[in-house]
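Dear colleague,

Here is the structure I said I would pass on. My notes on salt bridges and nonpolar cores follow below it.

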Amino acid sequence: MAPPPPPPWTDLADVLLRREALRARIGRGAPPDPFAGLRIAEADLDRMIAELPGFVPPDPAAWAEIDAAVGGEIDEVRARFHDALGADTPLGRIAAHAALGPAEAEVLALAAAVELDPARQRLLGYVHDDVTSVRPTVHTLNQVFGADHPGVATLAPDGRLRRAALVAVDQPGAWSSATVAVAPTVLWALVGDTSTDPALPAGHEIIERAGAPGAHRLTVVAGPDRTRRLQAALAGTAATSFLVVDLPPDADTWDAVVRQATVAGLGVILELGDTLPAEARRRVERADHLAWALSSRLDLPIDELPRQPWTELHPDAPEARPEEWREVLGTDDRAGHRLTADQLRLVGDARAAIGPGTDLDAAVRRLAAGRIDRLARRIRPRRTWDDLVVTPDRLAQLRELASRYRQRDVVYGDWGFRAVPSAGLVALFSGPSGTGKTLTAEIIAGELGLDLYKLELSSVVSKYIGETEKHLEQLFDAAAAGNVVLFFDEADALFGKRSEVSDAHDRYANIETSYLLQRLESYDGFVVLATNFQKNIDNAFLRRIHVALEFPVPDERERRAIWAQSFPAAAPVADVDLDFLASHFELSGGSIRNAALNTAFLAAEAGTPITMETVMFGMKREYQKLGRLRTADDFGPYHALVNGPDAER
């Protein structure tokens, strides 16, 4: 089977190489014996030259005769090459995307043709008088193209070929011996392959959009939601397909980004942090043949922006719209979740990966997994309203609290109430330890289909100035990404009253409190503050609290219900007087459950059912832990049992 014909853009390379080989042959006598193995025999050279298309055997007497024989053909082939640059071919597209001039395209074509064909490499080795030198050098390009052609100047560091990262110039020694190599991604594209550059940063995306390209070559877009920033960049930047990448970490990765965008005709959306480094600005300025969008959470300082015309784009509000819910999940039933556009996208990706039947609540809970776990302890809600013993009015208040969070879209969206300063919800639970504050937060989180994250003070509070605020910012950002309930236990440790400034420690403690005030006010999620001493909470926080609930020590009726719940149906309970326990022991719900658990272990060890006797010994251990006296008023007829000579168990 005959080999496929070479691409038409290689004709120019072939005729130029043929001329140089013929020139090199003139006057090159028989090589010295020590180098005979490194040269191409004249018979082989004649064969290779004869295999080149359009070969006419010249008279090798002088260069002038060679130029006369080949020069007309060069002009004809060059004219065809220039005409073909405007065609929809791989080389034509790359030249157009990189804004290459005809001379730059000729140099690229010559270097690529040599890379693609071993025969041309051997021929170039003969021209170099070194069969190991199979790539064009700076000297060769000047010699091949002649004085009337820019030649090597097209490969200058600021030339288009280098700006677009299509070629690399390796200069291990003298400048004239520097070699020119075409990037493999360019060669693959020239032979019709569309694979992406393997050096692209991990996590890159290629996004296509329908419709005409935007109007701006360089856009700047800032906002809290990544999806909204992407939407604005896609609509306003002058391209229809985009390479979306994080800030490249090194020069090779930068080259890959620019090269891939050039070869494929893509715009570049650069995902930044809160700043545009000087190297990134330089790269954007150099690759001005590409359309760029600079995407960041915060507005970039003007002195960091590229020194060329740019347009600022404004993304839409972060909240996901009903039509986006339908597009991503097939329904606009939000199940009480209020997600941003980016959160909704991530939930859709999670459901697609795990399975379309994945529970929406479970997918939402996955949003914050990992990032927030380093700063707070996850409590997966397992208990329900049936586990809570409170008055009917208090239960109604707690259900209203859950409803308030669930109905935010209706009130702030459909009904037009202003979410000032944010649509977040802050609740304060106050009361003695063990009265059900953590339990209630868990139940409400479960009712809303959210995870509860309990702040770990040891992982947040730092003795170093500014570190506490940094950790809290990370916590709030991660919580916002995951749509969770943040639970601050012992909240007065962080939200305590500011004090008079007497030294630097007081000043920085007050700064932490002021930061929390601002961050809490701008947070859109659900925060529960729990404290044993409400009076210790700074008054400025109280103004920002939407719902405040007090959790008192339970009364006798409630204590009886808690005692009844504390013994599971499977426990061997025999003759336990719940009325006596409720009326004689004024304990919180947490202490009652601890006493019941103490009792269960004592009975299990003794191999007996749970009786009033074992309950009394369980109560004894709880009283000892609390530091309370075991009085006759409390223990009644069992007082002697827990205080007599046989009281130790």
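Glu-115 and Arg-135 form a salt bridge through their side chains, at 2.7 Å from N to O. Glu-115 sits in helix H5 (residues 102-116), while Arg-135 is in the loop between helix H6 (118-128) and helix H7 (138-145), so this pair ties together parts that are 20 residues apart in sequence. Arg-135 counts as partly exposed, with 36% relative accessibility. Please keep in mind that this is a predicted model.

The Glu-115 pair belongs to a longer list: 31 salt bridges were found when the whole structure was searched. I picked out two others.

One joins Arg-80 to Glu-76, with 3.1 Å between N and O. Both residues belong to helix H3 (residues 63-84) and are four residues apart, about one turn of the helix. Arg-80 has 41% relative accessibility and therefore counts as partly exposed. Glu-76, at 48%, is also classed as partly exposed; the upper limit for that class is 50%.

The other links the side chains of Asp-117 and Arg-120, at 3.4 Å from N to O. Here the two partners fall into separate classes. Asp-117 has 23% relative accessibility, so it counts as partly exposed. Arg-120 has 8% and so counts as buried, the cut-off for buried being under 20%.

There is also a network: Asp-158, Arg-160, Arg-163, Arg-286 and Asp-288 are joined by salt bridges that share partners.

Now the nonpolar cores. The largest has 44 residues, and within it Leu-108 and Leu-166 touch the most other members. Two or more residues each come from helix H1 (11-25), H3, helix H4 (90-97), H5, H6, H7, strand S2 (179-182) and helix H9 (184-190). Helix H5 is the biggest contributor, giving nine residues.

Which residues does Leu-166 touch, leaving out those up to four places away in sequence? They are Ile-94, Ala-98, Leu-100, Leu-108, Leu-161, Ala-181, Val-182, Ala-183, Val-186, Thr-262 and Val-263. Leu-108, which shares with Leu-166 the highest number of touching core members, is thus itself one of the contacts of Leu-166.

A second core is separate from the one above and has 36 residues, among them Trp-325, Leu-439, Ala-441 and Val-528.

When you open the model, I would start with Glu-115 and Arg-135, the pair that ties helix H5 to the loop between H6 and H7, and then turn to Leu-166 and its contacts.

Regards

Definitions and conventions: Residues numbered from 1 in each chain as written. Predicted model: local features only at pLDDT ≥ 70, side-chain atom pairs only at ≥ 80, totals over all residues. Heavy atoms only, no water. Salt bridge = Lys/Arg side-chain N within 4 Å of Asp/Glu carboxyl O. Buried < 20%, exposed > 50% of the residue type's maximum accessible area, 1.4 Å probe, protein only. Core = buried A, V, L, I, M, F, W, Y, C linked by side-chain atoms within 4.5 Å. Contact = heavy atoms within 4.5 Å.
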